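Thanks for coming. I'll put one structure on the screen and go through a few places in it.

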Amino acid sequence: MDNPLLGPGLEQLRRRRSVKWRLYGPDVLPLWVAEMDVVPAEPVRRAVHDALESGDTGYPWPEDYAEALASFAGERWGWHPDPADMQIVPDVMLGVVEVLKLLTRDGDAVVVNSPVYPPFFQFVEHLGRRVVEAPLGGTGRIDLESLERALVDATRDGGGAAYLLCNPQNPTGTVHTPEELTAAIELAERHGVRVVADEIHAPLVPQGATFTPVASLPAGARAVALMSASKAFNLAGLKAALAVPGPEAAAELARIPEEVSHGASHVGVTAHRAAYLHGGPWLDALLAGLDENRRLLADLVAEQLPGVGYRVPEGTFLAWLDFSAVGLGDDPSAVLRERARVALHPGPGFGTGGTGHARLNFGTSPGILREAVSRIAAAL
C-alpha cells in the first residue's frame with residue numbers, strides 16, 4: 001500500500017477548513033497541531049459515506065466501538081480487554097475529565113510528567129484540581145525520584161490524588177516500557193494515587209518499540225485508560241473515544257454518568273470502528289512513512305540546524321525540538337512563525353522542560369518537512 005503521507009499536495013491541503021490550516025496565514029507552513037496531512041483510510045471513508053447515504057446519522061451504539069477496539073488490541077498488542085467494561089466518552093481529554101471526576105474531588109491534586117500535552121494543565125485546572133509536576137528525566141523517560149516527590153506533594157494534606165500519565169508520551173515520543181510503567185504505577189499505588197492514562201497515540205508505535213497498555217499490566221488493575229482511533233487514523237473531527245478500565249476499576253467506571261455517552265458522535269463511532277476493524281494495512285503503511293520521516297528529520301536537523309537538539313522519538317508523529325542553544329528565547333515558535341513562516345507548537349505550554357523548545361508535527365509529506373526545515377535554517 002502507498003504511503004498515506006504522499007497523498008494530498010500543499011495546494012489541496014490549503015483548501016481544508018480545519019484549525020491547522022486556518023489559524024495562520026496562507027504563507028505559513030503549519031506543523032503545530034497534532035493533525036496529519038493524510039486522507040483517511042478507504043474503509044473509513046466508505047463507512048462514513050455509507051452511513052450518510054443510508055441516513056444512518058442517529059445516536060451512537062457504543063458496543064460496536066468497544067468490540068472493534070478489543071479486536072484491534074488483541075491483534076496489535078496481544079491484549080483482550082472486555083468490551084462490556086468500556087465506557088464511551090466524547091473524546092480522550094473530556095474522558096479524562098469525567099474519569100478524574102470519579103476518582104478525585106475538588107481541590108485534589110493531579111500529578112503529570114512534564115513536559116506534557118498542554119491540555120493536561122488546562123483541563124485539570126478548569127476541573128478544580130491542582131497540577132503537581134513530576135518532570136521527566138533528561139532522556140525523556142519517567143524519573144521515579146521525581147515522581148515520588150510529586151506523589152508526596154500531591155497527598156501531603158491527606159487529600160485524594162490521581163496520576164495522569166501520557167502513554168506514549170506527548171511531546172517527547174517516548175514509548176514507556178512495561179517495566180517503567182509497572183514501577184510508576186506501583187509507586188502511585190503505594191501513595192494511594194489512582195492512575196489515569198491518555199493512550200491516544202497507542203497505535204502510532206513502529207517496529208523497534210512496543211506499546212504497553214497500562215490496563216494490561218498486573219499493576220494496572222485499578223488504572224483507567226482513555227483510547228481513540230482519532231490520532232492514528234486522523235479522525236479528530238469525528239468525535240468518539242473509550243474509557244478502558246483495568247479489571248478492578250470496571251465497577252467504578254460504570255458509575256460514569258449516562259449523559260456523558262451523548263457527547264460522542266455516531267458518525268464518529270462508525271469511522272473509528274471501521275478504522276480499528278479494517279484500517280490495519282493503511283496504518284502499517286502510515287507507520288512506515290512516519291518512520292522514514294522521523295529519520296529524515298534527524299538528517300535534516302543535523303545538516304541544517306546543528307544547534308538544535310532532537311532525539312528521534314520512539315512513537316507518535318511528534319518531534320520535540322530544543323532551540324535553547326540558538327538564542328530564540330523562551331518561545332522559539334513565536335520567532336520562527338514570524339521569521340520562517342513555519343508554525344510549531346509553543347514549548348512553554350508543556351510545563352517544566354518546555355522553555356526554549358517547540359513541538360513539530362512530522363505527519364506530513366517529506367517535501368513539506370524539507371521545506372519547513374529549510375525555512376527554519378534560513379531564519380536562524
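Start with Arg129, which counts as buried because its relative accessibility is 7%, under the 20% cut-off for that class. Keep in mind that this is a predicted model.

Where does Arg129 sit in the chain? Arg129 is in a loop, the one between helix H6 (119-126) and strand S4 (130-133).

What does the side chain of Arg129 pair with? There is a polar contact of 2.8 Å between the side chains of Arg129 and Asp106. A polar atom of the Arg129 side chain is also 3.3 Å from the backbone oxygen of Arg105. So for this buried arginine, at 7% relative accessibility, we have a side-chain partner in Asp106 and a backbone oxygen from Arg105 at the distance just given.

The wider surroundings, leaving out neighbours within four places in sequence, include Leu100, Lys101 and Thr104. Asp108, Val110 and Val124 are also among the contacts of Arg129, as are Arg105 and Asp106 themselves.

Next, empty space. Rolling a probe the size of a water molecule over the atoms shows where such space is left.

The largest pocket has a volume of about 550 Å³. It is lined by 26 residues, and the closest to its centre are Glu35, Asn234, Leu235, Ala236 and Gly237. Which element gives the largest share of that lining? Helix H3, residues 42-53, does, with three residues. By class, the pocket lining has 15 nonpolar residues, five polar and six charged.

For closed space, a search of the whole structure turns up one cavity of 30 Å³ or more. The volume of the largest cavity is about 30 Å³. Its lining is Arg14, Lys20, Trp21, Tyr24, Gly25, Val28 and Pro30. Four of those lining residues are nonpolar, one is polar and two are charged.

Last item, a sheet. Strands of a sheet pair through backbone hydrogen bonds, either parallel or antiparallel. Here we have an open sheet of four strands in the order S9-S10-S13-S12, and the pairing is antiparallel. Which strands are at the edges? Strand S9 (309-310) and strand S12 (345-346) are, each pairing on one side only.

Further in, strand S10, residues 318-322, pairs with strand S13, residues 357-361, over five bridges in the antiparallel sense. To find the register on screen, look for Asp322, whose bridge partner in S13 is His357.

That's what I had. Questions are welcome.

Note on methods. Residues numbered from 1 in each chain as written. Predicted model: local features only at pLDDT ≥ 70, side-chain atom pairs only at ≥ 80, totals over all residues. Heavy atoms only, no water. Pairing = 2+ DSSP bridges. Helix = DSSP H or I, 4+ residues; strand = E, 2+ residues; numbered from the N terminus. 1 Å grid on protein atoms, 1.4 Å probe; cavity = no way out; pocket = protein on both sides within 12 Å on 5 of 7 lines; lining within 4 Å. Points joined across faces, edges and corners; volume = space filled by probe spheres on them. Nonpolar A, V, L, I, M, F, W, Y, C, P; charged D, E, K, R; others polar. Buried < 20%, exposed > 50% of the residue type's maximum accessible area, 1.4 Å probe, protein only. Polar contact = N/O pair within 3.5 Å; in protein donor to acceptor, adjacent residues only side chain to side chain. Contact = heavy atoms within 4.5 Å.
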